[in-house]
Amino acid sequence: MLISLHWFIFLLNLPVASWNIYRYIMVPSGNMGVFDPTEIHNRGQLKSHMKEAMIKLGFHLLCFFMYLYSMILALIND
């Protein structure tokens, strides 16, 4: 996105990318990953993880349609 100078799309994706990097860095050393199944069920964190997943799903769905619109607009203009 930076190479093709799409600044708006880059700035739109920057918070989600930084949140994912933060979540990856903050994983405790004994866990398998961010969404360790045993930790989610043991601590009762399933509801918060589902909420985060739904927010990310909505964001990616919005981005998909925005990218699709941009692609169609670029094809029509050529």
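Colleague: How do I read the surface here: about how many Å² does the chain expose, and how much of it do carbon and sulfur atoms supply?
Modeller: Accessible areas come from the Shrake-Rupley method with a 1.4 Å probe, and for residues only the protein chains shown count as cover. Here the chain exposes about 6600 Å², with 73% of that supplied by carbon and sulfur atoms. By the way, this is a predicted model: local features need pLDDT of at least 70, side-chain atom pairs count only at pLDDT 80 or more, and totals for chains, interfaces and linings use all residues. Residues are numbered from 1 along each chain as its sequence is written, and side-chain values use heavy atoms, leaving out hydrogens and water.

Colleague: And what percentage of the residues count as buried?
Modeller: Buried means under 20% relative accessible area, exposed means over 50%, and partly exposed is in between (1.4 Å probe, protein chains only). In this chain of 78 residues, 13% are buried.

Colleague: How many helices and strands does the chain have?
Modeller: Both are DSSP runs, numbered from the N terminus: helices are H or I, at least four residues, and strands are E, at least two. This chain has three helices and zero strands, so its order from the N terminus is α-α-α.

Colleague: How many aromatic pairs does a search of the whole structure find?
Modeller: Rings of Phe, Tyr and Trp (its six-membered ring) pair if their centres lie within 6.5 Å; planes under 30 degrees apart are stacked, over 60 edge-to-face, the rest tilted. The search finds two pairs. Trp19 and Tyr22 are tilted, because their planes sit at 35 degrees, with ring centres 5.6 Å apart. Both belong to helix H1 (residues 7-25), about one turn apart. Phe64 and Phe65 are edge-to-face, because their planes sit at 70 degrees, with centres 5.2 Å apart.
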